[in-house]
Amino acid sequence: MQTWPAPQIPSIPGRGGQVRVLDSTTGELVDASRGPHSSLYVCGITPYDATHLGHAATYIAFDLLHRAWLDAGQDVTFVSNVTDVDDPLLERATATGVSWERLATDQTALFAEDMTALGVLPPHVYLGAVETIPRVAEAVARLLDRGLAYRVELEEGAGGDRPDLGDVYADVSVDPHFGSVAGLDHDQTVALFAERGGDPERPGKRDPLDPALWRRERPGDPAWDGGPLGTGRPGWHIECTIIAEGALGGDFDVQGGGRDLCFPHHEMSTAHARALGGSGARAHMHTGMVGLDGAKMSKSVGNLVIVSTLREQGVDPMAIRLAVLAHHYREDWDWDDTVLTEAQTRLGRWRAAVSGNGGPDPESTVVAIRRALANDLDAPAAVRAVDTWADDSLSLGGDVVGAPGVVSRAIDALLGIRL
Ligand code: 5CA
Ligand code: ZN
């Protein structure tokens, strides 16, 4: 999968400190990495519709972590995926009369344009579900051999020329740590599982929560050779497990995504990592949900503010990014016109404040931005620190030659805002 171009990161004096983040599994602040190498897996898009503000906010949040790690002198490996075959994508393709491949290719390209415009650093390893199928099939076959997964009989007409080979499910009961990521009770998990792509009612499963690892061929569905599994396509959670493990090993620093991925997706992908002999991420980070008119922005509901539409309307992508940064990444918040107008005004003030040669001493501002980000990526506090410097610069002036350059480079490197 092709990534997007990496923006240049300007150098700034000094160095950031250890970044602490809230691990949503334990609810505690933890060191995000053990250094000097830091590894991050962020769940990528399912490309059946254009990037909305919720996606943008999630990717910008993890971009702040990436930038803070680089500023702390870490050597970062950032990995992400594209879920380029899955039920919602196939359903949308059928409903709109385009091929699922075309839909996925077009939306993945648009996402790359949006990420470029928003100044998100590209992943070092970026893999689609489709290109990972052989590795997933091999891993699923291994889990079957070890008795950690089992087959479930198919309905009439499924399975192509091998209807005897069932769908494959992971057995959650073999894992004593199952449930440790989300920490929910059984009733909550079953309800969420059904809501978020699971099939608790499927007859023949050992436990309602057992997730699909390999779905056999169905008439009209795309299917790939799965060797001993028979033709079919992978389950969603195992794709992320295999992509993360392949690029980062069985034990890495942070897995992230929106809060809607905590259960079942991150619970299941971590359980799969354990079943394959690793341990998955040391910390899980989840972003709050961005909504519109009080409801979570979601492709399936259709209450979306689309990044590319705003860009087409001439909205400066840096104003979109700044609107996002005015909220802490764990917060749930609603997008509205005021949020954007405030960001546009702020961007204008910041640009005016850095336009001269001299200004107030930048050192304490750079320290404050770094300190805010190291403290669980507190972007609103970092933005306030820049506001203070900009207000002083505009009202009092200042005589430190080069100060505007230092502040604008710090804003660029740490917050991803190009003035
Ligand atoms: N492809 C899978 C992950 S492997 C997926 O969830 N794709 S997605 O396109 O539905 O979402 C992409 C990312 O955006 C996920 O991290 C998801 O949690 C996040 N996201 C989706 N809606 C919102 C929202 N309203 N607010 C914040 N983040 C959101
Ligand atoms: Zn994922």
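## A tour from ligand 1 outward

Begin with ligand 1 and M297: a nitrogen atom of the ligand is 2.9 Å from a polar backbone atom of M297. The protein covers 94% of the 600 Å² of accessible area that ligand 1 has on its own. Keep in mind throughout that this is a predicted model.

**Stop 1: the other polar partners of ligand 1.** Select T46 next. One of its polar side-chain atoms lies 2.8 Å from a nitrogen atom of ligand 1. Then select G54, where the atom to look for is a backbone N or O, 3.1 Å from a nitrogen atom of the ligand.

**Stop 2: the shell.** Now show the residues around ligand 1. There are 24 of them, and those that come nearest are G44, T58, T83, D260 and K299. Colour the secondary structure as well: α1 (53-71), α6 (236-248) and β10 (251-258) each supply at least two residues of this shell. Which element gives the most? It is α1, with 4 residues. If your viewer draws pockets, turn them on; ligand 1 sits in the largest pocket.

**Stop 3: T189.** Leave the ligand and select T189, which is found in helix α5, spanning residues 186-195. Is T189 buried or exposed? Its relative accessible area is 6%, and buried means under 20%, so T189 is buried. Display its side chain together with the backbone of H186: a polar atom of the T189 side chain is 2.6 Å from the backbone oxygen of H186. To see what else touches T189, add L184, L209 and F263. These are the residues in contact with T189 once its neighbours within four places in sequence are left aside.

**Stop 4: R162.** Move on to R162, in the loop that runs between β6 (149-152) and β7 (167-170). Its relative accessibility is 39%; since this falls between the limits of 20% and 50%, R162 counts as partly exposed. Show the side chains of R162 and D164, which make a polar contact at 2.6 Å. Finally, draw a distance line from the C-alpha atom of R162 to that of G73. The two residues are 89 residues apart along the chain, and the line should read 53 Å.

**Looking back.** Three views are worth saving. The first holds ligand 1 with M297, T46 and G54. The second holds T189 with L184, L209 and F263, and the third holds R162 with D164.

Methods: Residues are numbered from 1 along each chain as its sequence is written. Chains are lettered from A and ligands numbered from 1 in the order in which they are written. This is a predicted model: local features need pLDDT of at least 70, side-chain atom pairs count only at pLDDT 80 or more; totals for chains, interfaces and linings use all residues. Side-chain values use heavy atoms; hydrogens and water are left out. Buried means under 20% relative accessible area, exposed over 50%, partly exposed in between (1.4 Å probe, protein chains only). A polar contact is a pair of N or O atoms within 3.5 Å; within protein, one must be able to donate a hydrogen and the other to accept it, and residues adjacent in sequence count only if both atoms are side-chain atoms. Contact means heavy atoms within 4.5 Å. A residue is near a molecule or strand if one of its heavy atoms lies within 4 Å of it. Accessible areas come from the Shrake-Rupley method with a 1.4 Å probe; for residues, only the protein chains shown count as cover. On a 1 Å grid over the protein atoms alone, a cavity is a set of points where a 1.4 Å probe fits but cannot get out, and a pocket is an open set with protein on both sides within 12 Å along at least five of seven lines; lining residues have an atom within 4 Å of a point. A molecule sits in a cavity or pocket if more than half of its atoms lie within 2 Å of its grid points.
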